[in-house]
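Open the structure in your viewer and keep the sequence panel beside it. This tour goes stop by stop, with something to select at each one.

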Amino acid sequence: MTPFSRRAVVAVAVAFLVAGCGGGGSGGGGSVGDGPAATGAPGTGASAAAGSSVSGPRPLARSVPVGLEIPALGVDTPVVRLGLAPDRTVEVPPITADDPAGWYRYSPTPGRPGPSVILGHVTVGAYGDGVFRQLARLRRDDGITVRLENGTAAEFAVTSVRTVAKADFPTEDVYGDTARPELRLITCGGPLEDGEYRDNVIVFAALRATTP
Amino acid sequence: MLRNVLSAAALACTAVLATAMPASADDPSPVPDTTAAPTDSGEQAAETGPSPVPSDRGATEATPAPAEEGDGVSVVPRGAPDTGDAPAAGQSGGDGLLIGGGAAAVLAAGGAAVFVVRRRASGA
């Protein structure tokens, strides 16, 4: 083999290497690092807000939520309204880039007595992370502020974070009556099984302050 | 020499094809769930769920109105919410890398071919 034909072969080999790196990168980049398992962080406790007293800030007037802030997670998102799907499960926010959170409209408005329920996606398919991607990282006493349509705001403090199997969803804990204004943030978590998340991450919070 | 050039070109083409194959075998990018965007207006609009099957009108009418002044959850949903559309494993990014890899292979092969031809023309 002459020197330059050898060089040609070397050049082609380099081409192979470059192409191979591209292909290999694609295979690894799809699921490494941001897998759902990272979301399924263990909860910080099993008790909801049971330990807190009923006294606290005065409930706010009824007004639908329009915005949600979670400073600890860098979340600041609009809030849409959600109802029931035809199969009687709760509707979920749209799958979009910059997906919003959604307030379940058959629950009390934030700041009213009872559990106000807000849902958000952990991931939104091809769009990547959802608005509640890091929800499981919240810890007790972290603040959550909900802005209401009438200009007031309700500030909640996290009382517990739970990761539960969807098969054992704690319906009563989430939707059951409470004497004071509380908040539930719900998303998915845990490992993916057949393309679906196995668990739900539920944040329980109680009203800490209000802004008129 | 010509044989060398031709075999180099053939190898380059093989490289390009090898990198392009997985991309063409990939499924098209995932179709996002057609979850109905909840609307702020109207009771009926919120009842149009993510499923396109509009067969549950009865349930719509049977659904109580949202609690206006009453506290607590007026309608408890069934089951657990499905708040996670699984991430598309490497779909868009993977395609991009494949395309990049293929393009790099083409460039490298072209460079190699030019190099061989020029060397040959100069008689080295």
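**Stop 1: Strand E3 and its neighbours**

Select E3 and strand E4 (residues 114-119) of chain A: the two pair in the antiparallel sense over 2 bridges. This is a predicted model, so read each stop as a description of a prediction. Within this pair, look for A:Trp103, which stands opposite A:Ile118 in E4(A).

Now show the side chains of E3, residues 101-104 of chain A. Which residues point which way? A:Ala101 and A:Trp103 go one way, A:Gly102 and A:Tyr104 the other. All four names belong to buried residues.

Turn to the other partner. Strand E2 (residues 75-82) of chain A is joined to E3(A) by 4 bridges, and the two run parallel. Pick A:Val80 and find its bridge partner in E3(A), A:Gly102. Then pick A:Leu82, whose partner in E3(A) is A:Tyr104.

**Stop 2: A residue on E4**

Select A:Ser116, found in strand E4 of chain A. Is A:Ser116 buried or exposed? It counts as buried because its relative accessibility is 0%. Now display its surroundings. Leaving out residues up to four places away in sequence, A:Ser116 touches A:Trp103, A:Ser107, A:Pro108, A:Thr109, A:Pro110, A:Glu182, A:Leu183 and A:Arg184. A:Trp103 from the previous stop is one of these.

**Stop 3: The hairpin before E3**

Step back along the chain to strand E1 (residues 65-70) of chain A, which pairs with E2(A) in the antiparallel sense over 4 bridges. A:Glu69 stands opposite A:Asp76 in E2(A). Between the two strands of this hairpin are 4 residues. One residue to click here is A:Gly74, with a positive phi near 70°.

**Stop 4: The loop between E2 and E3**

Most residues other than glycine have a negative phi. Two residues in this loop call for a look at the backbone.

- A:Arg88 lies in the loop between E2 and E3 of chain A. Its phi is near 75°, a positive value in a residue other than glycine. A:Arg88 is partly exposed, with a relative accessible area of 24%.
- A:Asp98 is in the loop between E2 and E3 of chain A. Its phi is positive too, at about 50°, although A:Asp98 is not a glycine. A:Asp98 counts as exposed because its relative accessible area is 76%, where exposed means over 50%.

**Stop 5: The whole barrel**

Zoom out and colour by strand. How many strands close into the barrel? There are 8, in the order E1-E2-E3-E4-E7-E8-E6-E5 of chain A, with mixed pairing. Neighbouring strands are turned by 35° against each other on average, direction ignored.

Follow one more pair. Strand E6 (residues 153-165) and strand E8 (residues 196-211) of chain A run antiparallel, joined by 12 bridges. Select A:Val164 and look across to its bridge partner in E8(A), A:Asn200.

Now switch to a cartoon of chain A, with its 2 helices and 8 strands. Read along the sequence, the pattern is α-β-β-β-β-β-β-α-β-β.

**Stop 6: Inside the core**

Nonpolar side chains tend to be buried together in soluble globular proteins. Select the largest nonpolar core, which has 27 residues. Those with the most contacts inside it are A:Leu68, A:Ile70, A:Ile118, A:Phe132, A:Ile144 and A:Leu185. At least two core residues each come from E1, E2, E3, strand E5 (143-148), E6, strand E7 (181-193) and E8 of chain A.

Apart from this core lies another, of 17 residues. Among them are A:Leu82, A:Val164, A:Tyr175 and B:Val75.

Return to the largest core and centre on A:Phe132. What is in contact with A:Phe132, leaving aside its neighbours within four places in sequence? The set is A:Leu68, A:Ile70, A:Ala101, A:Ile118, A:Leu119, A:Gly120, A:His121, A:Val122, A:Leu185, A:Ile186 and A:Thr187.

**Last stop: Chain A overall**

Show the surface. Chain A exposes about 8400 Å², of which carbon and sulfur atoms supply 53%. Buried residues make up 52% of its 212 residues. Of the contacts in chain A with a separation of 6 or more, 64% come from residues 24 or more positions apart.

Conventions:
Residues numbered from 1 in each chain as written. Chains lettered and ligands numbered in written order. Predicted model: local features only at pLDDT ≥ 70, side-chain atom pairs only at ≥ 80, totals over all residues. Heavy atoms only, no water. Buried < 20%, exposed > 50% of the residue type's maximum accessible area, 1.4 Å probe, protein only. Pairing = 2+ DSSP bridges. Axes fitted to C-alpha atoms, helices over the stretch in contact; angles between N-to-C directions. Contact = heavy atoms within 4.5 Å. Areas by Shrake-Rupley, 256 points an atom, 1.4 Å probe, with all protein chains shown as cover. Core = buried A, V, L, I, M, F, W, Y, C linked by side-chain atoms within 4.5 Å.
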